[in-house]
Amino acid sequence: MASAPSKLYADDVSLVVVLLDTNPFFWSSSSLSFSQFLSHVLAFLNAILTLNQLNQVVVIATGYNSCDYVFDSSSDLNRSFENGRMPVMCSSLLQKLEEFLITDEQLSKEEPEGKIKPSLFSGSLSMALCYIQRVFRSGALHPHPRILCLQGSLDGPEQYVAIMNAIFSAQRSSVPIDSCYIGSQNSAFLQQASYITGGVHHKPQNLDGLFQYLMTIFATDLHSRSFIHLPKPVGVDFRASCMFFKLA
């Protein structure tokens with residue numbers, strides 16, 4: 001499907017679609033607790049909205065069985081609380097996130113002991129692109145869109161084809177995919193997604209300073225990136241993970 005023509009606001013206005021990894025299998029073994037992670041992310045989202053009053057933020061929760069929208073700053077409900085944006089954003093996002101976690105766990109099927117399920121990254125990435133396409137086709141002026149993946153779970157090789165299709169769709173629509181990997185190993189999927197779409201990939205070394213990483217690297221609007229030195233891709237893994245999955 002061809003991308004819709006876009007009508008953009010000023011260069012520094014952004015639409016940031018954040019993919020939030022909520023996989024309990026990962027967070028139960030992470031050195032950074034999920035609540036600490038959320039505190040960093042909420043502060044970052046509030047900063048994005050504060051940088052420009054026209055900025056928009058959408059958050060998609062990525063579980064291991066499902067994914068869903070949990071926050072949209074452009075909704076009428078959120079727009080009516082402009083003077084108390086941070087408290088309202090927190091309460092709205094956290095409430096929907098809690099509901100999502102309960103629903104996602106209820107969808108779980110019995111798995112062999114010791115098997116860790118990856119997050120449904122392909123689903124949340126597709127939802128992000130669908131949202132952006134709706135914005136493109138809305139007819140009104142809109143911000144410069146980009147996707148930010150906050151992932152800690154291991155890659156799911158069975159999702160490789162779907163993820164690559166989504167990556168090439170983002171490339172065709174000129175939508176950069178930024179990625180911040182917070183797991184112990186790096187993610188080949190995220191490296192490829194950022195490299196192919198012209199986004200930024202980074203793996204923070206100190207998770208206690210996650211907010212600083214988010215602000216100094218991922219808060220930068222697309223226009224400003226042309227004259228700011230951001231992390232460059234090094235040793236991107238282009239192997240087709242589905243092939244290794246089949247041979248395993």
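Which residue of strand 2 does L20 stand opposite? I began my notebook with this, keeping in mind that the model I am looking at is a predicted one.

**Entry on L20 and its strand**

I found L20 in strand 1, and the residue that L20 stands opposite in strand 2 is A61. I then looked up how the two strands run, and noted that strand 1 (residues 14-21) and strand 2 (residues 56-62) are parallel and are joined by seven bridges. For L20 and I60, which are 40 residues apart along the chain, I read a separation of 6.0 Å between the C-alpha atoms.

Is L20 buried or exposed? Its relative accessibility is 1%, and because buried means under 20%, I wrote L20 down as buried. Leaving aside neighbours within four places in sequence, I listed the contacts of L20, which include V59, I60, A61 and T62, as well as F37, L38 and V41, and also L97 and L150.

**Entry on helix 2**

Three residues on that list, F37, L38 and V41, turned up again when I looked up the buried residues of helix 2. Others that I noted as buried in helix 2 include F34, H40, L42, F44 and L45. I also checked the length of helix 2 (residues 34-51), whose 18 residues should span 26 Å at 1.5 Å a residue, and the end C-alpha atoms are indeed 26 Å apart, which agrees.

**Entry on the whole sheet**

I next followed the strands across the sheet, which is open, has six strands in the order 3-2-1-4-5-6, and shows mixed pairing. Which strands stand at the edges? They are strand 3 (67-72) and strand 6 (201-202), and each has a single partner strand, so one side of each is left without a neighbour in the sheet. I then saw that helix 8 (residues 210-218) packs on the sheet, where this helix touches strand 4 (144-151), strand 5 (177-181) and strand 6, and its direction makes about 160° with that of strand 5.

**Entry on S179**

In strand 5 I stopped at S179, which counts as buried because its relative accessibility is 0%. What does the side chain of S179 make a polar contact with at 2.6 Å? I found that the partner is the side chain of H201, and I also noted that the side chain of S179 reaches the backbone oxygen of L190 at 3.4 Å. Not counting residues up to four places away in sequence, S179 touches several residues, among them L148, C149, S194, V200, H202 and F218, and both L190 and H201 are on that list as well.

Technical notes
Residues numbered from 1 in each chain as written. Predicted model: local features only at pLDDT ≥ 70, side-chain atom pairs only at ≥ 80, totals over all residues. Heavy atoms only, no water. Helix = DSSP H or I, 4+ residues; strand = E, 2+ residues; numbered from the N terminus. Expected span 1.5 Å × (residues − 1). Buried < 20%, exposed > 50% of the residue type's maximum accessible area, 1.4 Å probe, protein only. Pairing = 2+ DSSP bridges. Contact = heavy atoms within 4.5 Å. Axes fitted to C-alpha atoms, helices over the stretch in contact; angles between N-to-C directions. Polar contact = N/O pair within 3.5 Å; in protein donor to acceptor, adjacent residues only side chain to side chain.
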